[in-house]
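Grab a coffee and work through these three short exercises. Try each task yourself before you read its solution.

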Amino acid sequence: MDVEIRPLESKEHWPQVQNLLATVPFSTTLPIVVSRPNTLENSYSSFHTKALNFVALFKNRVVGFVHSRVEKRMVWEGNSLHPKLMSYGGDLRITRDFQNRGIAKRLLDQVGSALDESGVYYGFGIIVSNNEPAFKLTLPMDGVFRPVLKYSVKTSLLLRRPTFPKNPSYTRFRPSVVALEQLCESLRTRFLGLAMVSEDLTNFISDHPNIRFYQSTSEPGKIAFALWEQSAFRRVGFAWMPIQFKIIRQAWNTCRSFSKAHEFPPANAPIKTAEVVFVNMSNAVSDFEEIISYTAWKMGCLGVTAIADGLGGNAPSLNLTGLGYKTNLTLMSYGRHKREPYLCPKGISTYIDLGFV
Ligand SMILES: CC(C)(COP(=O)(O)OP(=O)(O)OC[C@H]1O[C@@H](n2cnc3c(N)ncnc32)[C@H](O)[C@@H]1OP(=O)(O)O)[C@@H](O)C(=O)NCCC(=O)NCCS
């Protein structure tokens, strides 16, 4: 069968890519799929210098997709962190009927050649820790892949209307240029931190006005974290509902008249969640969870998501309590043409953000 690999140029193919992402799960544990917006331009982070999107086409039908982009990230070289152009690869999907025919390998080879032309030889990607087919794929590539770290992400389900603390330790604020500069500086102290300037962040915030920034009452004026209800950017949902979630959904919707939780949608409908992003604090204090849960509930969300642990160094651990689901992920780093990939030295924390992967 003749499958052609091509850069995604034509707007005509984006609806098919959207459909592919919305139907093929990225994990084998839970059939969770991602819905991206109607335009490619609004679907990925704008912090890149170059985007590389490729499709696999069979008779004008999209049977595979991969997204990749080149960003300036902090890497350890010599004995300190330096900004370096790196590629981030994600959203790799092959339709079920075209898997195991070498299509993903061909897509990744194309990305690799395009990166060579741009002089970019290092990159990273994230794999759900038990996704064996995806790990296998890293073996025959023209590059050296190394796992950097394992971390976990938890979505805590908002089973009932949460209460808001009387004297909250974090308050919403509009960050000043100084606060944005401080955040950019702090990202530069973390492995894979985005090397950007406050202007990039200002533009990003104006493109995504529903990102809410919070300051701690003990450090006013400094960004502690942000909460982002991402439905304009990316939505998650079940491709089909596993039995345990069918039971939860039924009980959840039955109890709604007194729990005041939002309706749990069926399979194939997006589940609204809010993500904790731009975390820029040491470990959160006790009412952090109440504040984000209440705010996410007010925004109509069913859950709130944060990176729970594993980012090393002095990265905060935001272990959300309550019923929810945890995903274990592995951060993979790679160097092309037998170059040793960049790794994270001990004591330095890694920056991975829920907003940009
Ligand atoms: C993971 C995934 C992207 C792999 O895609 P794929 O196109 O099936 O991968 P490939 O065909 O390139 O490689 C898979 C197998 O096919 C084999 N293969 C390669 N070329 C082949 C060919 N021409 N004919 C037959 N088999 C071939 C590979 O050797 C490999 O076999 P192995 O697993 O025994 O080593 C795909 O399964 C998928 O979309 N999964 C769901 C989403 C997902 O997990 N995405 C990754 C997120 S990080």
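The exercises below cover the ligand shell, a helix pair and the two domains of this predicted model.

**Exercise 1. Describe the shell around the ligand: how many residues surround it, and which elements supply them?**

Solution. Start with the head count: 18 residues surround the ligand, and the closest are I94, Q99, G102, A104 and K105. Next, look at where the shell comes from. β5 (80–94), α2 (103–117) and α3 (132–137) each supply at least two of its residues. Of the elements, α3 has the largest share, with four residues. Finally, sort the shell by class: you should get 10 nonpolar, four polar and four charged residues.

**Exercise 2. Work out how helices α4 and α5 are arranged: what is the angle between their axes, and which residues meet?**

Solution. Begin with the axes. Those of α4 (residues 177–187) and α5 (residues 198–207) come within 9 Å and cross at roughly 110°. Angles of 65 to 115 degrees count as roughly perpendicular, so α4 is roughly perpendicular to α5. For the handedness, α4 passes α5 in a right-handed crossing. Now list the partners: V177, L180, E181, L183 and C184 on the α4 side meet S198, L201 and T202 on the α5 side. By class, the residues of this contact are five nonpolar, two polar and one charged.

**Exercise 3. Split the chain into its domains and describe their contact: which elements of domain 1 touch domain 2?**

Solution. First the bounds: the domain assignment gives domain 1 as 4–149 + 237–242 + 331–336, and domain 2 as 156–235 + 257–326. Their C-alpha centres are 25 Å apart. Then count the contact, which takes 23 residues from domain 1 and 24 residues from domain 2. On the domain 1 side, β2 (32–35), β4 (61–77), β5 and β11 (235–238) each supply at least two residues. Of these, β4 gives the most, with six residues. Last step, the classes: the side of domain 1 that touches domain 2 has 15 nonpolar, four polar and four charged residues.

How values were computed
Residues are numbered from 1 along each chain as its sequence is written. This is a predicted model: local features need pLDDT of at least 70, side-chain atom pairs count only at pLDDT 80 or more; totals for chains, interfaces and linings use all residues. A residue is near a molecule or strand if its C-beta atom, placed from the backbone, lies within 6 Å of it. Ala, Val, Leu, Ile, Met, Phe, Trp, Tyr, Cys and Pro count as nonpolar, Asp, Glu, Lys and Arg as charged, and the others, Gly among them, as polar. Axes are lines fitted to C-alpha atoms, for helices over the stretch in contact, and angles run from 0 to 180 degrees between N-to-C directions. Angles under 35 degrees count as roughly parallel, over 145 as roughly antiparallel, 65 to 115 as roughly perpendicular and the rest as oblique. A crossing is left-handed if the near helix is turned anticlockwise from the far one by less than a right angle, and right-handed if clockwise. Two residues are in contact if their C-beta atoms, placed from the backbone, lie within 7 Å. Domain bounds come from an automatic or database domain assignment.
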